Amino acid sequence: MSVHDELRSLQRCLDDLTRSVGRLEQQMGSGGLDMRRVRTDTEHLRESVGILREAASSPAAAKRPDLVTIPDTPYDDSLWIDTDDEGLGARDRRAP
């Protein structure tokens, strides 16, 4: 299945969940903390799926970021002049 097919299937399932939560809310009432939490979680899922759909439809989603090659050669020692060793302080002083 393609990403769009999966997202469409996910949207159908989410619509079913929203309907079920609505029916449950009618039967149990919407005043309880547990029911509000379920309703809020369902709304968050709906928002998240919307964000996924937007990301999948944008042209940037298909493009992978350019990889940066990091050489295995050691860094130039001049990069570390006047720096502190992490957790040890300055080079000419003793650690606490």
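**Exercise 1. State how many salt bridges the structure holds, and analyse those that involve Arg46, Arg39 and Asp16.**

Solution. The structure, a predicted model, holds four salt bridges, a salt bridge being a side-chain nitrogen of Lys or Arg within 4 Å of a carboxyl oxygen of Asp or Glu. Side chains of opposite charge can pair when their charged atoms come close.

Step 1. Arg46 pairs with Asp15, with 3.3 Å between the closest N and O atoms. Because Arg46 belongs to helix α2 and Asp15 to helix α1, this pair ties together parts that are 31 residues apart in sequence. Helices here are DSSP runs of H or I with at least four residues, strands are runs of E with at least two, and both are numbered from the N terminus. Arg46 is partly exposed at a relative accessible area of 34%, and Asp15 is partly exposed at 26%. On this scale, buried means under 20% relative accessible area, exposed means over 50%, and partly exposed lies in between (1.4 Å probe, protein chains only).

Step 2. Arg39 forms a salt bridge with Glu25, the closest N and O atoms lying 2.6 Å apart. Arg39 is in helix α2 and Glu25 in helix α1, so parts that are 14 residues apart in sequence are tied together by this pair.

Step 3. Asp16 forms a salt bridge with Arg19, at 2.2 Å between the closest N and O atoms. Both residues lie in helix α1, three residues apart, about one turn of the helix. Asp16 is partly exposed at 41% relative accessible area, as is Arg19 at 45%.

**Exercise 2. Determine whether the length of helix α2 agrees with its number of residues, and identify what its buried residues pack against.**

Solution. Step 1. Helix α2 covers residues 33–57, which is 25 residues. The expected span is 1.5 Å times one less than the number of residues.

Step 2. The expected span is therefore 36 Å, and the end C-alpha atoms are 36 Å apart, which agrees.

Step 3. Met35, Thr42 and Val49 are buried in α2. The buried residues of α2 pack against α1, where contact means heavy atoms within 4.5 Å.

**Exercise 3. Describe the nonpolar surface patch that includes Trp80.**

Solution. Step 1. Val68, Ile70, Tyr75, Leu79 and Trp80 make a nonpolar surface patch of about 620 Å². Patches consist of residues with over 30% relative accessible area and no salt bridge; like charges are joined within 9 Å, and nonpolar side chains (Val, Leu, Ile, Met, Phe, Trp, Tyr) within 5 Å.

Step 2. Trp80 is located in the segment after α3 and is partly exposed, with a relative accessible area of 42%.

**Exercise 4. Summarise the fold of the protein chain and state where confidence is lowest and highest.**

Solution. Step 1. The protein chain has three helices and zero strands, in the pattern α-α-α along the sequence. Of its 96 residues, 10% are buried.

Step 2. The mean pLDDT (the predictor's confidence in each residue, from 0 to 100) is 83, and 81% of the residues score at least 70. Confidence is highest in helix α1 (residues 3–28), at a mean of 91, and lowest in helix α3 (residues 59–62), at 59. Where pLDDT is low, the predicted coordinates should not be read in detail.

Conventions. Residues are numbered from 1 along each chain as its sequence is written, and side-chain values use heavy atoms, with hydrogens and water left out. In this predicted model, local features need pLDDT of at least 70 and side-chain atom pairs count only at pLDDT 80 or more, whereas totals for chains, interfaces and linings use all residues.

Note on methods
Accessible areas come from the Shrake-Rupley method with a 1.4 Å probe; for residues, only the protein chains shown count as cover.
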